[in-house]
Amino acid sequence: MTTQWTTSAINAIQADYQRSADTHLIPLELPVYPGVSLYLKDESTHPTGSLKHRLARSLFLYGLCNGRIREGTPVIEASSGSTAVSEAYFARLLGLPFIAVMPRCTARRKIEQIEFYGGQCHFVDSSAQIYAESERLARETGGHYMDQFTYAERATDWRGNNNIAESIYRQMSREARPVPRYIVMSAGTGGTSATLGRFIRYQGHDTRLVVVDPENSVFYDCYHQKCSHLRCDTGSKIEGIGRPRAEPSFIPGVIDDVLKVSDQCSIATLYWLEKLLGRRTGASTGTNVWGALQLAKQMHEQKQTGSIVTLICDSGERYPDTYYNPQWVAENIGDLTDAQAILPKW
C-alpha cells in the first residue's frame with residue numbers, strides 16, 4: 001500500500017521536474033568538414049550541474065515506487081561524485097539522510113557540493129572498493145543502497161517520457177539534418193548509453209550509437225572481446241566515466257561501436273572546447289567530443305553528410321584542482337602536445 005509520505009515524495013520530485021526547463025542543444029561549427037554538423041547537448045545546466053541529475057531523479061522514483069525508500073530511510077550510493085551530488089539534492093528535497101561512498105581522489109568541488117546539500121562523504125582508497133563498502137553501510141544503517149551501476153539501465157523509461165534520447169530527437173527536428181548519423185556517449189554506469197540505444201531501436205531511427213571509453217576502463221575490451229567478466233586494477237582518471245569492471249547497466253547489444261580515447265586526447269579537447277565555447281567543461285566532455293571529431297573526420301573521408309550529437313556532461317568549474325591545474329595534469333595525464341597539435345585542424 002502506498003503511504004501518504006511516499007505519495008508526497010513522488011509529487012515533490014515531479015514538481016521539481018516541472019520547474020526545470022530542457023537543456024540546450026549547441027551547434028559547433030566544423031568548417032573543414034562541410035556537410036557534417038556537430039551538436040553538444042549541454043547537461044551541465046541541470047540544477048545540480050550534470051547529466052546525473054536525470055539519473056538521480058529516476059533512481060529516487062524507482063526506489064520509491066518499488067517500496068525501497070520510505071520515510072526516514074538512509075540512502076547510500078557508490079559514486080565518483082556527480083551522481084552523489086544529484087542524489088544529495090533529491091535526498092534533501094525529501095528530508096532523507098544521504099551517504100556517498102567515493103574514492104579519496106574525487107574532486108574537492110564535488111565533495112563540497114554533496115556536503116552543501118546535506119550529504120555525508122565516506123571515502124575509500126580505490127574505485128573498486130565502493131561497491132562492497134556501500135552494501136556494508138546500507139546493512140549497518142538499515143538504509144537503501146541505490147546502486148546506480150545496477151539500476152541505471154532500468155530506472156529510466158527508455159521508450160520516452162522526456163528522457164535524454166527523446167529530448168535530443170525533439171530538439172534536432174528542425175535542424176538541416178534532423179536524424180543524427182551518430183550519437184556519441186561515454187560510459188560510467190552504462191545507463192545513458194542503454195537508454196539512447198534502446199530508444200533509437202524502438203523508434204526505428206537510422207542512427208548509430210558509439211560509446212567512447214577512456215584509459216583504465218574495461219568497456220572497450222568487454223565490447224570487442226564479447227566478455228563481461230574483465231577487470232582492471234587501476235581506476236579511470238577521467239572522472240565520472242570508465243570503470244574497472246563491466247557494470248550491470250552496460251548493455252553491449254544496443255551499442256554499434258566502442259572507441260578508445262586516450263587521457264591526453266580527452267584533456268586536450270577540454271582546453272580546445274574552452275576556447276570555442278568561452279567556458280569550461282568536465283573531462284568526460286572532452287572524451288565525448290574527441291570521439292565525435294574522429295567520426296566527423298571519417299564521414300568526411302567517406303564523402304558522407306549528416307549530423308553528430310554528443311553531450312556536455314558537466315561543468316569544468318568542478319575541477320580547478322585537477323583538469324585545470326597544469327601541475328596536476330603534468331603529473332597525472334602527461335604531455336598533451338601531440339593531441340593539441342591535431343585539434344586546431346578541426
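Trainee: Where does Asp147 lie?
Mentor: This is a predicted model, so keep that in mind throughout. Asp147 isn't a glycine, and yet its phi is positive, at about 55°. As for its place, Asp147 lies in the loop between strand 6 and helix 6.

Trainee: Is Asp147 buried or exposed?
Mentor: Buried means under 20% relative accessible area. Asp147 has a relative accessible area of 12%, so it counts as buried.

Trainee: What is the phi of Asn216?
Mentor: Asn216 is found in the loop between strand 8 and helix 9. Its relative accessible area is 27%, so Asn216 is partly exposed. Asn216 is a residue other than glycine with a positive phi, and the value is near 60°.

Trainee: Ser217 lies in a loop between which two elements?
Mentor: Ser217 is at 5% relative accessibility, so it counts as buried. The loop that holds Ser217 runs between strand 8 and helix 9 (219–225).

Trainee: Which residue has its backbone nitrogen 3.0 Å from a polar atom of the Ser217 side chain?
Mentor: Start with what Ser217 touches beyond four places in sequence: Cys232, Gly242, Arg243 and Lys260. One of these contacts brings a backbone nitrogen to 3.0 Å from a polar side-chain atom of Ser217, and that nitrogen belongs to Arg243.

Trainee: Which side chain makes a polar contact of 2.7 Å with that of Glu133?
Mentor: Glu133 has its place in helix 5 (residues 130–141). With a relative accessible area of 18%, it falls under the 20% limit and so counts as buried. Leaving aside neighbours within four places in sequence, Glu133 is in contact with Val101, His122 and Val124. The 2.7 Å polar contact joins the side chain of Glu133 to that of His122.

Trainee: Which strands stand at the edges of the sheet with the order 5-4-3-6?
Mentor: That's an open sheet of four strands, with parallel pairing. Look for strands with a single partner strand, because one side of each is then left without a neighbour in the sheet. The two are strand 5 (120–124) and strand 6 (144–145).

Trainee: And which helix packs on that sheet, touching strand 3 and strand 4?
Mentor: Strand 3 (residues 75–78) and strand 4 (residues 98–103) run parallel and are joined by four bridges. Ile76 stands opposite Ile99 in strand 4. The helix touching both strands has a direction at about 175° to that of strand 4, and you'll find it at residues 82–94: helix 3.

Trainee: How are helix 2 and helix 6 set to each other?
Mentor: The axes of helix 2 (residues 52–65) and helix 6 (residues 148–155) come within 9 Å and cross at roughly 90°. Angles of 65 to 115 degrees count as roughly perpendicular. The two helices are therefore roughly perpendicular to each other.

Trainee: How many residues in the contact of helix 2 with helix 6 are nonpolar?
Mentor: Helix 2 brings Lys52, Leu55, Ser58, Leu59 and Tyr62. Helix 6 brings Gln148, Tyr151, Ala152, Arg154 and Ala155. Two of the residues in the contact are polar and two are charged, while the nonpolar ones number six.

Trainee: Now the sheet of six strands: by what angle are its neighbouring strands turned on average?
Mentor: It's an open sheet with the order 1-2-10-7-8-9 and mixed pairing. Strand 1 (24–28) and strand 9 (257–260) each have a single partner, so they stand at the edges with one side lacking a neighbour in the sheet. Ignoring direction, the average turn between neighbouring strands is 25°.

Trainee: How many bridges pair strand 2 with strand 10?
Mentor: One bridge to find in the model has Val36 with Gly306 of strand 10 as its partner. The pairing is in the parallel sense, and the bridges number seven.

Trainee: Which residue of strand 10 is the bridge partner of Tyr182?
Mentor: Strand 7 (residues 182–186) and strand 10 (residues 306–312) run parallel, joined by two bridges. Ile183 stands opposite Val309. For Tyr182, the partner in strand 10 is Ile308.

Trainee: Which helix lies across strand 10?
Mentor: Strand 10 is mostly covered, with seven of its seven residues buried. The helix in question also lies across strand 2 (36–42), strand 7, strand 8 (208–213) and strand 9. It runs at about 170° to strand 10 and spans residues 283–301, which is helix 11.

How values were computed. Residues are numbered from 1 along each chain as its sequence is written. This is a predicted model: local features need pLDDT of at least 70, side-chain atom pairs count only at pLDDT 80 or more; totals for chains, interfaces and linings use all residues. Side-chain values use heavy atoms; hydrogens and water are left out. Buried means under 20% relative accessible area, exposed over 50%, partly exposed in between (1.4 Å probe, protein chains only). A polar contact is a pair of N or O atoms within 3.5 Å; within protein, one must be able to donate a hydrogen and the other to accept it, and residues adjacent in sequence count only if both atoms are side-chain atoms. Contact means heavy atoms within 4.5 Å. Two strands pair if DSSP finds at least two bridges between them. Axes are lines fitted to C-alpha atoms, for helices over the stretch in contact, and angles run from 0 to 180 degrees between N-to-C directions. Angles under 35 degrees count as roughly parallel, over 145 as roughly antiparallel, 65 to 115 as roughly perpendicular and the rest as oblique. Ala, Val, Leu, Ile, Met, Phe, Trp, Tyr, Cys and Pro count as nonpolar, Asp, Glu, Lys and Arg as charged, and the others, Gly among them, as polar.
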